[in-house]
Amino acid sequence: MRDFEYLAPKSVTEAIELLARHGSRAMVMAGGTDVMVWMNKRDISPEHLIYIGDLEELRYIREDGGSLRIGALTTQAELASSQLVREKAAALAAAAQNCAGPQVRNLATIGGNLGAATPAGDLILGLAAFDARVKVRGPGGERELSLEEFLVGPQQNSLAKDELIIEAVVPVPPEKSGSGFQKLGKRKAMTISTASAAASVRLSADGKTFDQVIVALGALGPTVMRSKSFEDALKGQSATLETIDKFRFLAGGDACPSPRARRASAWYRCEVAAVLAARAVEDALGAAIGQDFSAARTAKKARGKGVAGCIYSSTVPGFPNPCAVNMQMREDGTVVVQTGACDIGQGSTTVLTQMTAEALAIPYEQVTVYTADTGVTPYDFGTVSSRLTFVGGNAVIKAAAQVRDVLFQAASANLGVPIDNLILEAGMVRDKYDPERAMPIGGAARFAQFALKKLAIGSAYYYPKSSAPDENMQGEPIASFYYHATVAEVEVDTETGVVEVAKLYAAVDCGKAINPMFVEGQVDGGAIQAIGWALREDSHPGLTSADGPPANFNPDFMPIDLESYALATSMDMPEMHGAYVEVPEPEGPFGAKAAGEIVANTAAPAVFNAIYDAVGVRLFDMPASPEKVLKALQDKAEMAKAPTMRQEVGVE
Ligand SMILES: Cc1cc2nc3c(=O)[nH]c(=O)nc-3n(C[C@H](O)[C@H](O)[C@H](O)COP(=O)(O)OP(=O)(O)OC[C@H]3O[C@@H](n4cnc5c(N)ncnc54)[C@H](O)[C@@H]3O)c2cc1C
C-alpha cells in the first residue's frame with residue numbers, strides 16, 4: 001500500500017476545507033468498509049485519507065418537516081435497529097439488516113453506501129424505494145439531489161471533489177402506505193446482491209387501489225434504478241396480488257444488467273428481476289393493509305428429500321502408511337508420548353492422549369502427547385486419509401502394552417504377585433484375585449526405574465494392512481472401512497431457483513466414538529462444508545466442461561475470486577441432526593474406525609437427490625446455483641411441451 005497522509009478533521013467545515021485543498025488526491029473515509037478494501041486491492045491510492053468517522057454531527061436519525069433525516073455517518077446497524085426507520089421506512093431498515101454481517105454493519109455508514117454508488121448498494125436501494133434525496137455540502141453551500149441526479153453510473157456519483165454527503169432525506173409516507181425489500185445473494189449473510197428490489201406503495205383512501213407505487217431495482221442495471229413501466233402499470237389498478245402478478249414481467253423488461261456481471265448471468269438477473277420486484281411490492285402491500293404474504297410464498301416452494309450413503313477407508317488404500325509411537329511413564333506416574341502423527345486441528349492429539357490414558361488406566365491429565373517436531377518424533381505417514389485415530393491409536397495401544405509389561409514386572413516383584421494375576425485399574429496395579437494387594441501405577445514406575453533399573457518405556461510401530469491388489473484385483477488394500485449417510489430435506493424456490501436445505505440428518509459409523517463431542521463436531525462441520533459445495537462454492541470454474549479447458553481455466557485449482565467461493569455462513573446452517581453409530585471394528589483401537597473426510601461426502605449428493613425429488617430436475621454439476629436450477633426448470637417446462645408440439649405437427 002502506498003504511503004498516505006492520514007487526516008482526521010474535527011468538524012464538517014474542516015473536512016470540506018481539507019477536501020477543497022487536496023481535491024482529487026484526497027479520499028474521504030467513513031466506516032472504511034469499502035475504502036479499506038479498495039486500498040488493500042490497490043484499486044485506489046489516495047495521497048490524503050480524510051477520516052470523518054468521528055464527526056458526531058453527522059450521526060443522527062430524526063423526523064423533521066415530513067421527512068426522516070438520516071445523517072451520513074449513521075451506520076447500517078443503527079438503521080436496522082431504529083424504531084423510527086422501521087416504522088416509517090421499513091424497506092430501508094430491512095435493507096440495512098440484510099447488509100453484510102454484524103461486524104460490517106457496526107462500521108458501514110449510509111453516506112459510505114451512497115458514496116460508493118454501486119448498483120448493488122443495499123441502502124441506496126432502500127432509499128430509492130422512497131424517492132429519497134441526498135443533501136451534500138461544499139465550500140459554496142448545500143444542495144439537495146434526487147438519487148437519479150446523484151447516481152451517474154456504476155461506482156460514480158455527481159459529488160464535486162470538495163463536497164461531503166451530509167444526510168439522506170426520506171419523505172415520510174402517509175397513511176395506507178407500506179414498503180418492502182427483497183435481496184438475492186449467494187448466501188444468507190455476507191453477500192453482495194445478485195439481484196434485489198425494493199418498493200413502496202401508497203393506497204387510495206379506501207385501500208382498494210394503488211395510488212402511487214415506487215419500484216427500485218438493485219444490481220440490475222448500471223446504477224440502482226427505478227422500474228418505471230411496472231410502477232406506471234400498477235398505478236390506479238386494484239391493490240391485489242393478482243394485479244402485481246399480472247404486470248410483474250414489466251420489471252424484468254426494465255432490468256438491464258451488465259452482460260459481464262460476475263455474480264450471475266444477465267439472463268438470470270432479468271429472470272429474477274420480475275420476481276423480486278413483485279415480491280417487494282407484495283410485501284409493501286401487505287404492510288399497507290396489515291397482512292403478511294410471505295408465509296403463502298414459503299408454502300408454494302417445492303419440498304423434497306434425498307438420501308446418499310458411502311463407504312470410506314480408515315487407512316491409505318494400497319499404500320504403506322504406518323505410524324510409530326515412543327512412550328515413557330516417568331517416575332511420577334506421568335506419561336510422555338512422542339509421535340509424528342500431527343494434529344492439524346482435527347483433535348488427534350486429544351484422541352491419542354485419551355487412548356494412552358485408557359490403556360494405562362491413568363487420568364487424562366497425566367498424559368502429554370508431543371507431535372510437534374519431526375526432528376524429535378518417530379515416523380508417521382501423515383495427516384491424511386482419515387487414518388490417525390485408527391493407525392496412531394493402534395500404535396499407542398501397542399506401546400502402552402510394553403509400558404504395562406514393565407509396570408507388571410515391577411508390581412510383581414514389589415507385591416509378590418504372579419504377573420498373570422495383575423491388572424491396571426483406576427491408577428493402581430492390582431491383583432485381580434486379591435484386590436487389596438495393589439500399588440499405585442506411579443509407584444510401580446518408580447520401583448521399575450530404581451529397584452529393577454528398568455524404564456517403563458514402549459516403542460511401537462503399527463503397520464496397517466495395505467497390500468496392492470493382485471492381478472485379479474484381490475487383496476487387502478484397506479485395513480478398515482467406515483460408513484456415512486445423509487438425508488437432506490430441501491426447499492426449492494421455483495421462481496428464483498434458490499435451494500435451501502431445511503433439514504439435514506447425517507450419521508457416521510465410526511466404530512467407537514473415542515471423543516463423542518469431536519465426532520459430532522465432525523459430522524456437523526462436514527455437512528455444512530458439503531452444503532457449501534452443493535449450493536454455492538464455485539471453486540473450479542470450467543473444470544466440468546466437456547469441451548476441454550475454457551478460457552478462464554484455473555490450473556491451480558484456486559477459486560477465481562472469493563465472491564464465487566462463497567462458503568456457507570452460520571446463517572445458512574439447516575436444522576441439523578447429526579449422529580454416530582458404533583459398530584466396533586475388531587482391528588480398531590477400542591473398536592474405533594474413523595470420523596474424518598467421509599463426513600463431507602454424502603451431503604452434496606443427498607441435496608442433489610432432494611432437488612430431484614422436489615422439482616424433478618437432475619443436476620450433475622456442482623454447485624446447484626439458483627441460475628442452474630432455474631435454467632433446468634425452464635428446460636424441463638420446454639420439454640414438457642414437446643408432446644403437444646409433436647401432435648401439432650402430426651408426428652406420433
Ligand atoms: C465484507 C463486506 C460485506 C459487505 N456487504 C455489503 C452488503 O451486503 N450490502 C451493501 O450495500 N454493501 C456491502 N458492503 C459494502 C460496504 O459495507 C457499504 O457500501 C458501506 O455502506 C460503506 O460504508 P462505509 O462507511 O464503510 O464507507 P467507506 O468505505 O468509508 O466509503 C465508501 C465511499 O464513500 C465515500 N464516502 C463515505 N462517506 C462519505 C461522505 N459523508 N461524503 C462523501 N463521500 C463519502 C468514500 O470516499 C468512499 O468513496 C460490504 C463490504 C464488506 C467489506
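This tour goes through a predicted model, from the whole chain to the ligand and then to one helix and one loop residue.

**Whole chain.** Show the full chain as a cartoon. Its secondary structure comes to 20 helices and 25 strands. The radius of gyration is 33 Å, well over the 26 Å that the globule rule gives for 652 residues, so the chain is more spread out than a compact globule. Along the principal axes, the C-alpha trace spans about 100 × 80 × 50 Å. Buried residues make up 46% of the 652 residues. Of the contacts with a separation of 6 or more, 71% join residues 24 or more positions apart.

**Domains.** Colour four ranges next: domain 1 (1-170), domain 2 (173-300), domain 3 (323-462) and domain 4 (482-636), as the domain assignment gives them. Then look at domain 2 and domain 3, whose centres, taken over C-alpha atoms, are separated by 68 Å.

**Ligand.** Select the ligand and the residues around it. Which residues come nearest to the ligand? Of the 31 residues around it, these are Gly 31, Asp 34, Gly 112, Asn 113 and Gly 115. Elements that give two or more residues to this shell are strand E2 (26-29), helix H2 (35-40), helix H6 (102-107), helix H7 (110-116), helix H8 (122-128) and strand E10 (164-171). H7 gives the most, with five residues. Colour the shell by class to see 20 nonpolar, nine polar and two charged residues.

**Helix H19.** Move to residues 603-615, which form helix H19. At 1.5 Å a residue, its 13 residues should span 18 Å, and its end C-alpha atoms are 18 Å apart, which agrees. Is H19 largely enclosed or largely open? Ten of the 13 residues are buried, so H19 is largely enclosed by the rest of the structure. Show side chains for the buried residues, among them Val 607, Phe 608, Asn 609 and Ile 611. Step on to Gly 616, which follows H19 and has a positive phi, near 75°.

**Glu 597.** Go back along the chain to Glu 597, in the loop between strand E25 (575-581) and H19. This residue has 15 other C-beta atoms within 10 Å; it is partly exposed, because that count falls between the 12 or fewer of an exposed residue and the 20 or more of a buried one. Add Met 576, which is 21 residues from Glu 597 along the chain; their C-alpha atoms are separated by 18 Å. Finish by selecting Tyr 312 and Ser 386, the residues in contact with Glu 597 when its neighbours within four places in sequence are left aside.

Methods. Residues are numbered from 1 along each chain as its sequence is written. This is a predicted model: local features need pLDDT of at least 70, side-chain atom pairs count only at pLDDT 80 or more; totals for chains, interfaces and linings use all residues. A residue is near a molecule or strand if its C-beta atom, placed from the backbone, lies within 6 Å of it. Helices (H or I, at least four residues) and strands (E, at least two) are DSSP runs, numbered from the N terminus. Ala, Val, Leu, Ile, Met, Phe, Trp, Tyr, Cys and Pro count as nonpolar, Asp, Glu, Lys and Arg as charged, and the others, Gly among them, as polar. The radius of gyration is taken over C-alpha atoms; the globule rule is 2.2 Å times the number of residues to the power 0.38. Two residues are in contact if their C-beta atoms, placed from the backbone, lie within 7 Å. Domain bounds come from an automatic or database domain assignment. The expected span of a helix is 1.5 Å times one less than its number of residues.
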